[in-house]
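Thanks for coming. I'll walk through one structure this morning, and the slide comes up now.

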Amino acid sequence: MRKCIYAAMLLSGGMLAMGQACADEEDTGDAGDDPVYYEAFCMNENLTLPGTSDPDARDFLKAFADKWQSPGIRDYLSRKLPPVSSGNIEYPPESDEDAEDEDESSEYFTARVYRSPKTGLSFALHIASQEDLMGTSSFCFYRFSPETRELIPLKDFFDKRYDGFNSVNYGYLIEEDGSIFQDTYFMYDESEVPLYTIEQKYEWDGNDFTPKTGSLITGKKLAAPGSPDGKWDRLSLTDIDGDNIPEIWLSRSDNGNTEVFAGNTGIVRLSSLDKAPKEFRVTRHGIVSSDDSGLNVSYAELKDSQPANQLRVSCKEADGGAKSCAYRMNGRNIPEAEALEFISQFAEAREIKPEFISITDIRSDEDVE
């Protein structure tokens, strides 16, 4: 059975490309003419190192290449290069005049050995390949067991809380100081380009990794009445309509203002209120938001995590407590009967409590224009 995986590839200069890699599940890394997606294999199987001495970077790379038949690593090991005691190993090096030779491997990688009195010996490898328009990017992270001389994949080391959602992919970058960036990509359109990304840094201090507060990266600035400047510091990805595509909940810790955005094929605010919503009520068909007066209510119907219809109800209190309301559906006025029929599907509430995490900021393409 063939398994196709969409993988994010970080190219030189920080550019992002997306590719689809296909590999046989029973395979051991040889995917024929397809670029090899190692992560499907390397994070599920231990490697054994021969010998008795403390292994170095070349020992790690040789064990990986012997198991997964990596042409890039085998080419690196065939060269007469001095041993690397610290820092990153880069292949091919920038000074490599043969890098564009047709006979050279299309693979390129960054590898690093981490030696710590606290955690022992670890090995990180970011390896990518490119064949025509197809590309893959794999990240393999091991901890060395001196007792068994095995390299043991660390599956749970990085944040994978979003694995249960559809179309989630991960990209990694090993910095020169040893810190590792993890990018979690959420892709919900046909372009294979992420609609939004959570970037998380694991800072290496020479002894251990420390997770730093992450950032949300989007194509557009998520400004709204709850935060007109688009500055949010709390994030929750919570699925409202049960299709395994999360909605984006953003909040500010200083005033508690919260907004909810749909993140499928585009990022759209789910409240049509002019002011910051005071509260949200989630139902089987969508989300209801109201302001602090209770006189203005917004109904957003969700289908496949996209707003299908949005109704805004604006009421005024007359003398004696009577209310007069206006109903506006998708930008046009509608009669009360039509509005009430639409509202009736939002009667059944669902208990959803978004779990917020702190974020440093939101960075978007619009911020740099």
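Helix α4, residues 336–343, lies across β20 (296–303), β21 (306–317), β22 and β23. Its direction makes an angle of about 125° with β21; axes are lines fitted to C-alpha atoms, for helices over the stretch in contact, and angles run from 0 to 180 degrees between N-to-C directions. Contact means heavy atoms within 4.5 Å. Helices (H or I, at least four residues) and strands (E, at least two) are DSSP runs, numbered from the N terminus.

Before going on, the ground rules. This is a predicted model, where local features need pLDDT of at least 70 and side-chain atom pairs count only at pLDDT 80 or more, while totals for chains, interfaces and linings use all residues. Residues are numbered from 1 along each chain as its sequence is written, and side-chain values use heavy atoms, with hydrogens and water left out.

The strands under that helix belong to an open sheet of seven, in the order β23-β22-β21-β20-β19-β18-β24, with antiparallel pairing. Its edge strands, β23 (332–333) and β24 (349–350), each pair on one side only. Two strands pair if DSSP finds at least two bridges between them. Between β22 (residues 323–329) and β23 there are two bridges, and Met329 stands opposite Arg332 in β23.

This sheet also carries a disulfide, meaning a pair of cysteine sulfur atoms within 2.5 Å. Cys315 and Cys325 have their sulfur atoms 2.0 Å apart, and the link is right-handed, with 105° about the S-S bond. Cys315 is in β21 and Cys325 in β22, ten residues apart. Are these two buried or exposed? Cys315 counts as buried at 13% relative accessibility, whereas Cys325 is partly exposed at 32%. The cut-offs are under 20% relative accessible area for buried, over 50% for exposed, and partly exposed in between (1.4 Å probe, protein chains only).

How many disulfides does a search of the whole structure find? Two. The other joins Cys42 and Cys140, with sulfur atoms 1.9 Å apart. The torsion about its S-S bond is about -90°, so this disulfide is left-handed. Cys42 lies in helix α1 (residues 39–42) and Cys140 in strand β7, so the pair ties together parts that are 98 residues apart in sequence. Cys42 is buried at 0% relative accessibility, and Cys140 is buried at 0% too.

Strand β7 brings us to the second sheet on my list. An open sheet of six strands runs β3-β8-β7-β6-β5-β4, again with antiparallel pairing. Here β3 (47–48) and β4 (89–91) stand at the edges with a single partner strand each, so one side of each has no neighbour in the sheet. Four bridges join β7 (residues 134–145) to β8 (residues 150–153). Helix α3, residues 71–78, lies across β4, β5 (107–116) and β6 (120–131), at about 70° to β5.

Now the interior. The largest nonpolar core has 34 residues, and those with the most contacts inside it include Phe186, Tyr196 and Leu237. A nonpolar core is a set of buried Ala, Val, Leu, Ile, Met, Phe, Trp, Tyr and Cys residues joined through side-chain atoms within 4.5 Å. Among the elements giving two or more residues to this core are β7, β10 (180–186) and β25 (357–364). A second, separate core of 30 residues includes Cys42, along with Phe41, Phe64 and Trp68.

To finish, the chain as a whole has five helices and 25 strands, and buried residues make up 47% of its 369 residues.
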